[in-house]
Amino acid sequence: MLTPELKKTIQTAYTEFLNNKELKARYGQKLMIAEIAKTLGNIHLDDENVRDNEGHICVVEAGTGTGKTVAYLLATLPIAKALGKKVIVSTATVALQEQIVNKDIPEVLRHSGLNFKVSLAKGRGRYLCLSKLDALLNNVDMASNPTQALYEDELPQMGEQSVQIYQSMMDAMAANKWNGDRDEWKDGVQDEDWQRVTTDHRQCTGRRCANVSACSFMKARDNLGSVDCIVTNHDLVLADLALGGGAILPAPEDAIYVFDEGHHLPDKALNHFAQHSRLISTSKWLEQSQKPVANLLAQVSGAGNVDRFGEQLPAAMLDAKQELDKVIPMFQSLADTIDPNDHTPRHRFEGGLIHPEMQMACVDIKRSFDRLAELLGKMANEINEAMEDAHCPVPKVDLENAFPTVGIWQSRAEANKDLWASYASPDPQGSVPKARWFTLVEQGGNLDFEVCSSPILASRTLEYGLWNQCCGAVVTSATLTALGHFGRFQMRAGTPQDSQYHVVPSPFDFTKAGVLRVPSQASDASNASAHTLSIVDSLPEILDINEGSLVLFSSRRQMLDVYDALPGDWQDIILVQGDRSKQALIDEHKQRIDSGEGSVIFGLASFAEGVDLPGDYCRHVVIAKIPFSVPDDPVEASLAEWIETRGGNPFMEISVPDAAIKLVQACGRLLRTESDTGTITLLDRRVVTRRYGTAILNSLPPFSRDLS
C-alpha cells in the first residue's frame, strides 16, 4: 500500500536530489516516478509475504533526457524496502550496467538522502575459476583437452603468451591485487584464453571445491544477500529463471525487477530458450570420446557408485551416435535443395513441421540423449558426494579434475536432448509453433548441419516464468511503443493486460531543436542499385565536411559500396564500422571534432542504438533507408508465417512496427542533451510515397519536417 509516509519519503528524496544537484523538476520524470509508485504501491502481500493481487507490472516508455534511472530508483527502492523485497535492476548492455553502478546510483545515494546498499551481479562466466587456473598451470596440456571440446574450433592451442597471462593472474590473486572479475583485469583478456579459466554451474563443485574460500564468484554471490539493490543484466535474469528462480539472484517472489532497455528483453529471451547443435560434429565427439571416457573412469574408479554408472556410459554414447547417424542422410537430402550461393545457406521447416520419418528418428535420438544425460548426471552426483567422503579411496584432486569434464558432457547431452525433443514432438494443436531450421556450416573443410529450434515468441515463457511469479516489475525504455501503441511489445514480451502502460514525454523541444528531411533527390530504396547511386550523389550535397555526422546503413554491402564510390576528400574524413573496434572508431571521431576537424561515421545497426554523440559530435544523422528487417531470418519468417495462417498481415503487424521502432532509435542519435540541435535526413522516398509511410512518420519524435 502506498502509504502517506511512503509518498513523503519518495517526494522528499526527489526534492532533495533536485536541490542538491541544482536541477529543475522534469515533467516526464515526475510523471514516471508517480506512475511507478502508484503501481508498486498497489502490491498486496499475503500472510506468507507473497503477492496475492494483479496489476503489479508498470511499463513506461520514457524519451531521451527523461532521467529514467533516477526516476525508477527513487520510486522502487523505498517501496521495495517497505515490502521487504530486493530491487533487481537489469540492463541489456554492459555500458548501461556500468553507468548505473559507477555514476547513477552513487549520485542518487549522495544527493537524495536515501540509504541503501548496492551490489553488481554477474554470471559465473565473468569470474575466474581458481581450480581451473591451478590445474592449467600444473598441467599445460589440459588447455587442449579433447575430452572437453565438442567442435574442432574449440581447441585453440595454448601458447607461451597465454601461460604468462595465467601466471600473472595467479600472482595477482595471491597478492590480493585482483578479485578474479574478468572486467577488472587491467590488460583485458581474449575470449579463448578466458574460456579455459572460467566455469559454469555444471562444472562447478560449489561449496565442495577446495578453493571455495577464495572463489571470486562465491564471494560476489554471498554479498547479494546483504544488499537492497542488485544491478545485473537480462541474460543473468533469464539464466536464473531457467534454473527455477532464486539459484543466483533472489527468487522472483522476493524481488521487484526493473528492466532498463526493456525493449531488448523479448529477443534476449528468444535467444536464451533457443536450442542448437551441430549434427556431424556431435557424432564425431561421441565417437572420439570413447578413449577419454575410459581414462576418466579409471581416474575416478572407486568413488561411490561411479563405476556402476560409468560402465554403461560407452554404450550410451555409442547408441546416441548411431541414432544421430541415421538422420544425417535425411538432412543431406534437404541440404541438396539449398542454393549454395545464398547469403546464409539454410533450410527452414515451413510451419515448424517435420516430416513423419524424420520425426520418428528424432524420437529415438531424444531417447538416447535422455539416457546419456541421466547417466552423466548420476556420475556427477557420485563424484560430487565423493569429494566430501573422507574415506573415499580416490584422491580429491582427481575428483576435482574429473568433475568439470563430466559436467561439460552432461550439459551437451542435455542440450541435445532438448533440441531433439523439439524435433520429436509436434507443436500442440492451436499453440504458437516453434521455428525449426538448419544451417550449413563449414568446419575443418567439411560441411556440417547446425540444427536449430526456437520459440517464435517469448511471451508465454516470460508470462509464466517472470511476470506471474515476481512480486513486481518495471519495464522502461525510450522505444516500447510502435506506431503509437504497446501492442507489439505485449505480443512479444507477454506482459499482462492489466499492467499499467504509460508514455512520459521527453524534456527535449524536438520542433525547435531538430529538422527531419526527406530530400527530393532521395530515391525509392526498394531498387537497391539506384538507391545506392542516389546516396553517393546526395551525401556530398547534404553533409557539411567540417561537421560531425553519422550515416546509418541497413546493409554492410551498401555501406562499403557507397564509401568506395565517394570522392577521395570525403573518404579521408569517413570512419567505417568494421575497420577497427566500435569504441576506437568513436574515440577517433571525437578527437577529430575536438581538434576542429570534420568527421563522418559510417555505421550499421549497432550504431543506431546506444551510441552517445552529444553536441558537435553529431549535428547530422543520415539514415540510408527505412530499416526493414532482412526477410531471411528463420524466427521472424516463422512468426510471419504463423500470423498469416491466422488471417493477419505480417508486413503491417511485424515489418512496419519493427522498422518504426528501429527508425525511432536511429533518430535518437541526434539529440542527446537539451541543448543539442541538428538535422536528420532520410534518403528513402518510401516514407512519403507508400501508405505505411504516414504511420511511420507519425511514430517519430515531433521534429520540424521538410518532406520536399
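**Salt bridges, burial and overall form of a predicted model**

The side chains of Asp612 and Arg672 meet in a salt bridge, with a separation of 2.8 Å from N to O. Because Asp612 lies in the loop between β15 (599-603) and β16 (620-623), while Arg672 lies in the loop between α25 and β17 (678-682), this pair ties together parts of the chain that are 60 residues apart in sequence. With a relative accessible area of 40%, Asp612 is partly exposed, and Arg672, at 22% relative accessibility, counts as partly exposed too. Salt bridges that share partners also occur, and they join Lys122, Arg126, Asp181 and Asp183 into one network. The structure described here is a predicted model, and the values that follow were computed from its atoms.

In general, side chains of opposite charge can pair when their charged atoms come close. The count of salt bridges in the model comes to 32. One of these is formed by Arg367 and Asp319, whose side chains meet at 3.3 Å, taken from N to O. Arg367 is placed in helix α15 (residues 356-386) and Asp319 in helix α14 (residues 313-335), so that the pair ties together parts that are 48 residues apart in sequence. Arg367 counts as partly exposed, since its relative accessibility is 40%; Asp319, for which the value is 23%, likewise counts as partly exposed.

A further salt bridge is found between Asp658 and Arg488, and here the closest N and O atoms are 2.4 Å apart. This pair links distant parts of the chain, as Asp658 belongs to helix α25 (residues 650-667) and Arg488 to helix α18 (residues 487-493), with the two positions 170 residues apart in sequence. Both Asp658 and Arg488 are buried, whereas Asp612, described above, is partly exposed.

Beyond these pairs, the model can be described as a whole. The protein contains 27 helices and 18 strands. Along the principal axes, its C-alpha atoms fill a box of roughly 80 × 65 × 55 Å. A compact globule with 708 residues would have a radius of gyration near 27 Å, and the protein has 28 Å, which agrees with that expectation. Of the 708 residues, 52% count as buried.

Individual residues illustrate how burial varies from place to place. Val59 has its place in strand β1, and it is buried, with a relative accessible area of 0%. Although Val59 and Gly603 are 544 residues apart along the chain, their C-alpha atoms are separated by 31 Å. Val94, by contrast, is found in helix α4 (residues 94-112), and it counts as partly exposed because its relative accessibility is 48%, which is not over the 50% needed for an exposed residue. From Val94 to Arg669 there are 575 residues in sequence, while the distance in space, C-alpha to C-alpha, is 19 Å.

Charged residues also gather at the surface, where Asp46, Asp47, Glu48 and Asp52 form a negative surface patch. Within this group, Asp47 lies in the loop between α2 (27-40) and β1 (57-62). Asp47 counts as exposed because its relative accessibility is 85%.

Two residues that are not glycines show a positive phi angle in the backbone. Glu22 has a phi of about 55°, and its place is in the loop between α1 (4-21) and α2. With a relative accessible area of 74%, Glu22 is exposed. Glu261 has a positive phi of about 50°, and this residue lies in the loop between β5 (255-259) and α10 (265-272). Unlike Glu22, which is exposed, Glu261 counts as buried, because its relative accessibility of 14% falls under the limit of 20%.

Notes
Residues are numbered from 1 along each chain as its sequence is written. This is a predicted model: local features need pLDDT of at least 70, side-chain atom pairs count only at pLDDT 80 or more; totals for chains, interfaces and linings use all residues. Side-chain values use heavy atoms; hydrogens and water are left out. Patches are made of residues with over 30% relative accessible area and no salt bridge: like charges are joined within 9 Å, nonpolar side chains (Val, Leu, Ile, Met, Phe, Trp, Tyr) within 5 Å. Accessible areas come from the Shrake-Rupley method with a 1.4 Å probe; for residues, only the protein chains shown count as cover. A salt bridge is a side-chain nitrogen of Lys or Arg within 4 Å of a carboxyl oxygen of Asp or Glu. Lys and Arg count as positive and Asp and Glu as negative; His and the chain ends are not counted. The place of a charge is taken as NZ of Lys, CZ of Arg, CG of Asp or CD of Glu. Helices (H or I, at least four residues) and strands (E, at least two) are DSSP runs, numbered from the N terminus. Buried means under 20% relative accessible area, exposed over 50%, partly exposed in between (1.4 Å probe, protein chains only). The radius of gyration is taken over C-alpha atoms; the globule rule is 2.2 Å times the number of residues to the power 0.38.
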